[in-house]
Each structure stands twice: as C-alpha cells, then as structure tokens.
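Please open the model in your viewer and keep the sequence panel beside it. The tour below moves from the whole chain to single residues, one selection at a time.

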Amino acid sequence: MDKLTVHHLIPRQSTKRKKLDPGPTIDICSACHRQIHVLFDNKYLAQELNSKEKLKSDPQMQKFLAWVRKQDPGKRVKVDR
C-alpha cells in the first residue's frame with residue numbers, strides 16, 4: 001500500500017489565509033487522501049467531514065474503503081480524477 005500522508009481535517013485553505021491554527025491532522029494512505037480530495041471540495045470537508053469518524057462514515061468513502069481494502073498492498077492504487 002502507498003505510504004501514509006498527512007491530511008488536515010480542516011483544509012489549510014480555510015485556515016492559512018486567516019493565519020489560524022491549522023487544527024488536527026490524521027495519517028492516511030495516499031490513495032485515500034487523493035480520493036477524499038476527488039470526492040469532496042474543501043468547504044464541505046471543513047464543515048461536514050472534519051473528523052476521522054465522519055470521513056469513515058461517509059457513504060462514498062465507505063464504498064471506496066471497501067474497495068481499497070481488497071487491493072494488493074504491494075501495488076500503488078490509482079484514483080480517477
């Protein structure tokens with residue numbers, strides 16, 4: 001599986017310009033990180049999917065997670081953009 005990447009639960013776009021604390025982050029695989037940003041815009045992520053639990057419980061992410069778990073961990077997973 002791909003290496004882990006840092007995902008900001010509140011997108012940096014929402015905090016950087018205002019010079020606010022970027023808030024909590026989680027480590028997730030790069031395939032999941034890419035898929036999150038393909039499925040959701042930053043405004044929705046900041047307002048609705050701003051915790052690990054909320055991300056995991058979203059129906060679109062549940063479908064992706066079920067699929068990605070079946071993939072060969074030794075191969076890079078491609079995500080359509």
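## The whole chain

Begin with the protein chain in cartoon view, where this predicted model shows five helices and two strands. Read from the N terminus on, the elements follow the order β-α-β-α-α-α-α. The radius of gyration is 13 Å, close to the 12 Å that the globule rule gives for 81 residues, so the protein chain is as compact as a globular protein of that length. If you align the view to the principal axes, the C-alpha trace spans about 40 × 25 × 20 Å.

Switch next to a surface display, on which the protein chain exposes about 5900 Å², with carbon and sulfur atoms supplying 51% of that area. Beneath this surface, buried residues account for 36% of the 81 residues. Colouring by charge brings up 18 positive and 9 negative charges, whose mean positions lie 4 Å apart. Before moving on to details, consider how the chain folds back on itself: among contacts between residues at least 6 apart in sequence, 58% join residues at least 24 apart.

## The two strands

Select residues 4-8, which form strand β1, and then add residues 25-29, which form strand β2; the two run antiparallel and are joined by five bridges. To find one of these pairings, pick His8, whose bridge partner in β2 is Thr25.

Now show the side chains of β1 alone. Which residues make up its covered face, and which its uncovered one? Thr5 and His7 belong to the covered face, whereas Leu4, Val6 and His8 belong to the uncovered face. The background to this pattern is that in a regular strand the side chains alternate between the two faces of the sheet.

## The enclosed helix

Move on to residues 30-39, helix α2, where seven of the ten residues are buried, so that this helix is largely enclosed by the rest of the structure. The buried residues to select are Ser30, Ala31, Cys32, His33, Arg34, Gln35 and Ile36. What do they pack against? Around α2 you will find both strands, β1 and β2, together with helices α3 (42-47), α4 and α5, as the packing partners of its buried residues.

From Cys32 in this helix, draw a distance to Val68: the C-alpha atoms are 8.3 Å apart in space, although the two residues are 36 residues apart in sequence. Val68 itself lies in helix α5 (residues 59-69). Is Val68 buried or exposed? With a relative accessibility of 6%, Val68 counts as buried.

## Helix α3 and the loop after it

Select Asn42, which is found in helix α3 and which, at 24% relative accessibility, counts as partly exposed. Leaving aside neighbours within four places in sequence, Asn42 is in contact with Pro11, Gln13 and His37. A useful distance to draw from here is the one to Pro24, which is 18 residues away in sequence and 15 Å away in space, C-alpha to C-alpha.

Continue along the chain to Asn50, placed in the loop between α3 and α4. Asn50 is partly exposed, having a relative accessible area of 23%. Which residues does Asn50 touch, when those up to four places away in sequence are not counted? They are Leu9, Ile10 and Leu45. For Ile10, the C-alpha separation from Asn50 is 5.8 Å, while the separation in sequence is 40 residues.

## Helix α4

The last stop is Lys52, in helix α4 (residues 52-57). Lys52 is partly exposed, with 44% relative accessible area. Apart from neighbours within four places in sequence, Lys52 is in contact with Leu9 and Ile26. Finally, draw the line from Lys52 to Thr25, the residue that you met as the bridge partner of His8; Lys52 and Thr25 are 27 residues apart in sequence and 9.1 Å apart in space, C-alpha to C-alpha.

Key: Residues are numbered from 1 along each chain as its sequence is written. This is a predicted model: local features need pLDDT of at least 70, side-chain atom pairs count only at pLDDT 80 or more; totals for chains, interfaces and linings use all residues. Side-chain values use heavy atoms; hydrogens and water are left out. Buried means under 20% relative accessible area, exposed over 50%, partly exposed in between (1.4 Å probe, protein chains only). Helices (H or I, at least four residues) and strands (E, at least two) are DSSP runs, numbered from the N terminus. Two strands pair if DSSP finds at least two bridges between them. The radius of gyration is taken over C-alpha atoms; the globule rule is 2.2 Å times the number of residues to the power 0.38. Contact means heavy atoms within 4.5 Å. Accessible areas come from the Shrake-Rupley method with a 1.4 Å probe; for residues, only the protein chains shown count as cover. Lys and Arg count as positive and Asp and Glu as negative; His and the chain ends are not counted. The place of a charge is taken as NZ of Lys, CZ of Arg, CG of Asp or CD of Glu.
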